[in-house]
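Colleague: I would like to go through the labels attached to this model and hear what each one rests on.

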Amino acid sequence: MYFRSTRSSEKTVSFKDAVLRCMPLDSGLYVPTSVLDLRQFSLYMEADTSYQDLVATIAPLLLQGELNPFSASRITENTFYFTPELQTLNDHCSLLSLYNGPTGTFKDFGLNFLAAVMEELLKHNGQATVVSAVRGRTGASVAYAFHQRHNIRSVLLYPDECIYGLDANMLNPNDGSLIPIQVQGNFNDCQRLVQELLMDRVFTERYSITTANSINVGRLLPQIFYYLYAFVLLKKTLHDALMFSVPSGNFGNLIAGLYAWKFGMPVHGFIAAMNRNNPFEHVRIDAAPPAPISTNSPALDITFASNGERLASFYEEFPAVMRNMVFPVAIEDKETTKALAELWDNYGIVADPQTAVAFAAAQNFKQMDVHVVILATGHPALEAEIVSQAINHTVEIPQRLSMLSSISSPIATIKPDVEALEGVLSRCF
Ligand SMILES: *Cc1c(COP(=O)(O)O)cnc(C)c1O
């Protein structure tokens with residue numbers, strides 16, 4: 001598969017280049033150029049096809065010439081000991097749980113596969129420094145995926161708030177493969193710093209810098225697999241048109257769904273479910289978006305979506321189709337609380353608030369004859385307080401996620417500017 005910039009179609013690059021030098025020279029974002037047709041493969045797959053088999057079959061097709069089938073199966077086997085789970089609620093609605101991974105969010109699916117593929121790409125030579133903007137518990141997701149990978153070190157930039165769950169073993173000062181840095185600013189500032197750092201070509205080349213944020217297309221491709229998986233599980237019993245409701249912040253997950261569609265998955269549309277921060281409103285506006293406000297679905301507290309430019313490029317490519325393909329819906333906090341209670345009262349489901357946003361958005365979106373798959377992106381235990389208040393029931397915290405509540409400390413605190421960041425990095429490396 002080849003990739004081009006959202007800002008020009010002149011030059012194409014390989015997957016390896018798109019992953020390891022993740023920002024094109026014109027500072028756009030990489031998008032796939034090839035139009036693959038995966039339809040015949042989804043016809044062969046049955047409801048009893050395992051997630052591992054699906055990934056090990058599709059990944060080498062997507063990355064033909066760059067990921068051989070043997071490496072693909074090895075990576076898949078090592079990575080996907082956790083799998084998505086589909087639960088049908090009624091004729092019109094299913095829930096696809098994507099929080100069974102080591103750190104309890106769907107990000108584990110993209111990050112762990114990306115880290116494993118990156119390690120494979122660097123097997124014979126080279127190294128990578130992965131600089132990512134994180135907050136809350138996503139720092140732990142990135143750290144978990146990248147720690148102890150050969151030839152890779154990971155830098156985490158996080159805002160003026162707490163970050164959780166970096167295991168002390170990962171922070172061995174002699175190892176130097178995980179470097180958490182606190183930025184005196186908000187999450188938008190952290191994302192902007194990553195972009196500015198990637199635009200400094202000299203510095204980026206010197207330290208082989210890339211990112212694990214979803215501006216890296218290597219993070220999005222593995223998210224295609226679970227959309228296909230849901231389709232394969234449902235295809236025999238589905239009477240209605242298929243839609244997905246996607247809790248959306250940076251639109252990485254939504255874009256992955258759109259790639260699945262572009263590569264031949266039959267789907268009627270996607271609901272871009274957001275909270276009142278509504279990043280969709282700011283996608284094609286150049287003015288700086290307002291700072292995010294805090295809501296009860298904190299993983300969606302984003303006003304500037306880092307994948308906005310990819311979303312806009314879909315609208316350029318398929319202007320008429322997109323209006324009937326993506327349906328943005330913004331949900332207020334009280335509707336989120338109500339949806340949490342409804343899922344619990346009617347189905348006995350303890351959902352996380354982001355999932356509740358997607359559920360509420362699907363309910364607001366009344367169309368006949370559709371079956372909506374709600375992406376359950378986070379484990380409810382990660383927002384135990386919000387959830388238990390809404391459903392009036394204690395949320396159990398599984399052992400594997402309990403370490404995610406410990407507060408971690410930075411190795412440095414910096415002003416939100418790129419010189420300060422480069423200064424710290426030069427001293428660390
Ligand atoms: C990151 C995150 C999201 C937002 O996903 P995007 O790909 O940025 O749109 C939704 N839900 C949870 C639980 C998350 O952690």
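**Cysteines and ligand site**

Modeller: This is a predicted model. The sulfur of Cys190 is 14 Å from the closest cysteine sulfur, which belongs to Cys162, and that is too far for a bond.

Colleague: How many disulfides does a search of the whole structure find?

Modeller: The search finds zero disulfides. Cys428 is in none either, since the nearest cysteine sulfur, that of Cys190, is 16 Å away. A disulfide needs the two sulfur atoms within 2.5 Å, so the pair does not qualify.

Colleague: Why does Cys190 count as buried?

Modeller: Its relative accessibility is 0%. Buried means under 20%, so Cys190 gets that label.

Colleague: What makes Cys428 partly exposed?

Modeller: Cys428 has a relative accessible area of 34%. Partly exposed covers values between 20% and 50%, so the term applies to Cys428.

Colleague: Which residues are closest to the ligand?

Modeller: The ligand is surrounded by 16 residues, and the closest are Lys107, Gly249, Asn250, Asn253 and Thr377. That shell divides into five nonpolar, nine polar and two charged residues.

Colleague: Why is the pair between Lys107 and the ligand called a polar contact?

Modeller: A polar side-chain atom of Lys107 lies 2.5 Å from a ligand oxygen. The cut-off is 3.5 Å between N or O atoms, so the pair counts. For Asn250, a backbone N or O atom is 2.9 Å from an oxygen of the ligand, and a polar backbone atom of Phe251 is 3.0 Å from a ligand oxygen. Taken alone the ligand exposes 390 Å², of which the protein buries 93%.

Colleague: Which pocket does the ligand take up?

Modeller: The ligand takes up the space of the largest pocket.

Definitions and conventions: Residues are numbered from 1 along each chain as its sequence is written. This is a predicted model: local features need pLDDT of at least 70, side-chain atom pairs count only at pLDDT 80 or more; totals for chains, interfaces and linings use all residues. Side-chain values use heavy atoms; hydrogens and water are left out. A residue is near a molecule or strand if one of its heavy atoms lies within 4 Å of it. A polar contact is a pair of N or O atoms within 3.5 Å; within protein, one must be able to donate a hydrogen and the other to accept it, and residues adjacent in sequence count only if both atoms are side-chain atoms. Accessible areas come from the Shrake-Rupley method with a 1.4 Å probe; for residues, only the protein chains shown count as cover. On a 1 Å grid over the protein atoms alone, a cavity is a set of points where a 1.4 Å probe fits but cannot get out, and a pocket is an open set with protein on both sides within 12 Å along at least five of seven lines; lining residues have an atom within 4 Å of a point. A molecule sits in a cavity or pocket if more than half of its atoms lie within 2 Å of its grid points. Ala, Val, Leu, Ile, Met, Phe, Trp, Tyr, Cys and Pro count as nonpolar, Asp, Glu, Lys and Arg as charged, and the others, Gly among them, as polar. Buried means under 20% relative accessible area, exposed over 50%, partly exposed in between (1.4 Å probe, protein chains only).
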